[in-house]
Amino acid sequence: MRVYLDSTGCRLNQSEIETLGRQFERAGHTLANAPEDADLCVVNTCAVTREATRTSRAIIRRLNRANGSASVVATGCYAHLSPGAVRALPGVERVVGNLDKERLVPLVLGLAGEVELFDCEPLAREFRPGALGRTRAFVKVQDGCNNRCTFCVTAIARGPARSRPLDDIVAEVAYLAAAGYQEAVLTGVHLGSYGHDWGDRAGLQTLVEVLLSRTSIARLRLSSLEPWDIPPGFFRLWEDPRLCRHLHLPLQSGCDATLRRMARRTTQAAFRDLVAEARAHIPDLGISTDIIVGFPGETDDEFETSYAFVREMDFMKLHVFRYSARPGTAAARMAGQVPDEVKRERSARMLALSDEAGRRFYARFVGRMMPVLWEQVAGASPEGFRNAGLTDNYLRVTLDAPEVLTNQILAVRLARLEDQALVGEWQPEASFEGSPS
Ligand code: SF4
């Protein structure tokens, strides 16, 4: 059978769809590059915002238009929360809720047992437009969340926090390194709670230490970390240069009153101290964040407080979300819903701040030599190829060169800033490196 996979939403969804791909291959099936070539389409949906549910529905409709004879299996948060609506979409034969997602392949194939996950050829990641080549893999280390942030439907859709056994993760990362991947990104719904379900409050720290000592992966990256999960001493992990100097710390609001209504377990003061400590320990650290604007009850004053704090934190990038009420969440029932035009205006101001701070962060590196993991060819160039990649602290870099550099870590001089990316200078004598040190 030929299987086409598609996904929307967070990195965890991406990691899961890639794992499903490996499982289908392990079971003897092939992955299709386009829905037209598939017998079965599997879609990992998202419900984090109203827009995300619309995108999920649009993907399913597009797949059905492209190939009306392929059946569609839908999974993920939107499918879990609204199975009836998803089942009614054209071509959908089956909805698999999040709690059954790990058994999706045996369920769909009618197999009795589990499909072994990691003892198999890695997925050809080119199967999906925009997917990375065999350079960077997302590794799911936990699922679910025990918090109840009042805006969040993800915690409801994903169930309680549960961590994957450490040895399984080590085996997967070692396997990815042996298969040629240069970077593994640890992901989860609530990554910082790794190990809490078996009583280890420093579980993520242990996991990172073990991965760095027992695998040869050139780069290890952490995805999103809730600020209150970071234990004392955590930043010492970055003494190993293989750990990427980028942190995504979701703040959501820079105003304490809004944070309380969101049931976030942080404050301005705690967040400020955390960022100062991280920057003191990790030179050239890039910090990005998530911000929600127009949360119920967010007055002009609250927004201005949030805006000023976000400016003070000088993030390299903001992911800005206009609040949208998600069914089943506490915030959806709160008074003081903010009009759409106010949300739009606040969003535009935060995005402008993001651009401004991003340019400032990028400009700091002009003239520096930085190792880059080249991830893809973004087009042709007068020299031959326009290579595109990322530094370990998440700077986008392009390099015009006579060679395709994909999946190599090569240090280049960053000559100038252009269109939100640094432009590297091709030096034929430059040395290729196995690690970003
Ligand atoms: S920490 Fe909050 S925002 Fe993050 S998944 Fe849990 S409930 Fe949702």
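**View 1. Buried residues of helix α7.** In α7, a helix in the DSSP sense (a run of H or I of at least four residues, numbered from the N terminus), the residues I169, E172, V173 and L176 are buried, each having 20 or more other C-beta atoms, placed from the backbone, within 10 Å of its own. Seen down the axis of α7, these buried residues fall within an arc of 95°, so they line one face of the helix; the arc is that of the directions from the helix axis to the C-beta atoms. An α-helix has 3.6 residues a turn, so residues three or four places apart point the same way. This is a predicted model, in which local features need pLDDT of at least 70 and side-chain atom pairs count only at pLDDT 80 or more, while totals for chains, interfaces and linings use all residues. Residues are numbered from 1 along each chain as its sequence is written.

**View 2. Packing partners of α7.** The buried residues of α7 pack against β6 (136-140), β9 (183-187) and α8 (203-214), where contact requires C-beta atoms, placed from the backbone, to lie within 7 Å, and strands are DSSP runs of E of at least two residues.

**View 3. The outward face and the end of α7.** D167 and A178 are exposed (12 or fewer such C-beta neighbours within 10 Å) and are carried on the face of α7 turned away from its buried side. Just after the helix, G180 takes a positive phi of about 105°.

**View 4. Span of α7.** The end C-alpha atoms of α7 (residues 166-178) are 18 Å apart, which agrees with the 18 Å that its 13 residues should span at 1.5 Å a residue, the expected span being 1.5 Å times one less than the number of residues.

Definitions and conventions: Two residues are in contact if their C-beta atoms, placed from the backbone, lie within 7 Å.
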